[in-house]
Amino acid sequence: MAHGFGQTRGAWTTTAEALGEAGHSTLSYDARGHGDSDWNASDLPYHGDQFTDDLIVVAGELPRPPVLVAASMGGLFGLMAEARWPGLFSAMVLVDITPRWETRGVERILAFMSAHPDGFASLEAAADSIAAYMPHRPRKSEDSLRALLRPGKDGRWSWHWDPRLVDELARDSEQHQDVIAEAARKVQCPLLLVSGGRSDLVSPQTVEEFMALVPHAQHVHLPDATHMVAGDDNNAFTAAVLNYLDALPSAAASARTEHVTGASP
């Protein structure tokens with residue numbers, strides 16, 4: 001399970017618990033620069049190949065090709081990883097992301113992520129900011145916020161991701177859309193796209209183009225969800241994933257014969 005930009009592995013907790021209860025093993029991790037994973041050294045800029053490499057290494061060390069469930073950023077790197085190593089995943093679930101996306105949605109996300117470069121004076125102030133950004137969601141509790149922010153020596157609270165990610169990885173990401181679209185065209189494994197009806201990142205037009213690129217893909221539309229699909233309508237999202245997993249052929253015979261490293265030259 002690969003999270004989206006600015007998130008952590010905790011984004012999958014509720015879905016992972018439901019999948020576990022249904023008999024599925026799950027693995028989620030914090031992408032580099034996020035959560036509890038290390039940040040790049042100051043002299044090492046962030047770029048997409050690093051995140052693709054990381055995903056390939058994590059998936060390649062598993063005893064058999066896993067099903068990738070990936071939101072936004074994680075889904076884009078999932079497409080790149082599967083295109084580079086066909087068969088890395090036995091199937092994929094992309095959560096509200098397509099190789100081309102709506103610019104206004106990215107701009108809104110980056111504006112929110114860049115709005116408080118000096119952090120927050122308190123967790124209450126952070127909760128106010130999130131509530132203004134996502135007024136349709138319940139207000140965040142202080143306990144939940146501790147998983148999203150880290151305290152500084154000055155007593156202020158900052159997001160649990162490296163602020164360099166905004167400019168080095170996300171700001172000019174549209175320049176990579178053609179490459180990502182070509183990667184999607186190469187994907188042969190079973191694939192499900194789950195989109196949010198209230199998303200400002202994925203639109204009917206980007207979904208239509210994606211389905212033309214990957215004609216064997218399936219599509220589930222959750223009308224009440226925004227881009228934060230799993231957080232907005234977790235029950236419907238988890239049900240869609242479980243239904244998809246139940247319909248997949250058994251992967252019992254697909255054990256790996258060797259590990260996949262995936263490191264770029």
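This report describes a parallel sheet, the helices that pack on it, and the buried side of one further helix, all in a predicted model.

**The sheet**

Four strands form an open sheet in the order S1-S2-S5-S6, and their pairing is parallel. Strand S1 (67-71) and strand S6 (218-222) stand at the edges with a single partner strand each, so one side of each is left without a neighbour in the sheet. On average, and with direction ignored, neighbouring strands of this sheet are turned by 15 degrees against each other. Strand S5 (residues 191-196) runs parallel to S6 and is joined to S6 by 5 bridges; Ser195, for instance, has His221 in S6 as its bridge partner.

**Helices on the sheet**

Helix H9 packs on the sheet, and helix H3 lies across strands S1, S2 and S5. The table sets out the strands and the angle for each helix.

| Helix | Residues | Strands | Angle |
|---|---|---|---|
| H3 | 73-84 | S1, S2 (91-95), S5 | about 140 degrees to S1 |
| H9 | 204-213 | S2, S5, S6 | about 175 degrees with S5 |

**The buried side of H5**

Which residues of helix H5 (residues 123-133) are buried? Leu123, Ala126, Ala127, Ser129, Ile130 and Tyr133 are buried in this helix, and because they cover an arc of only 160 degrees around the axis, they lie on the same side of H5. An α-helix has 3.6 residues a turn, so residues three or four places apart point the same way. The cover over the buried residues of H5 includes helix H4 (103-114) and helix H6 (142-146), together with strand S3 (149-151) and strand S4 (157-159).

Methods: Residues are numbered from 1 along each chain as its sequence is written. This is a predicted model: local features need pLDDT of at least 70, side-chain atom pairs count only at pLDDT 80 or more; totals for chains, interfaces and linings use all residues. Side-chain values use heavy atoms; hydrogens and water are left out. Two strands pair if DSSP finds at least two bridges between them. Helices (H or I, at least four residues) and strands (E, at least two) are DSSP runs, numbered from the N terminus. Axes are lines fitted to C-alpha atoms, for helices over the stretch in contact, and angles run from 0 to 180 degrees between N-to-C directions. Contact means heavy atoms within 4.5 Å. Buried means under 20% relative accessible area, exposed over 50%, partly exposed in between (1.4 Å probe, protein chains only). The arc is that of the directions from the helix axis to the C-beta atoms.
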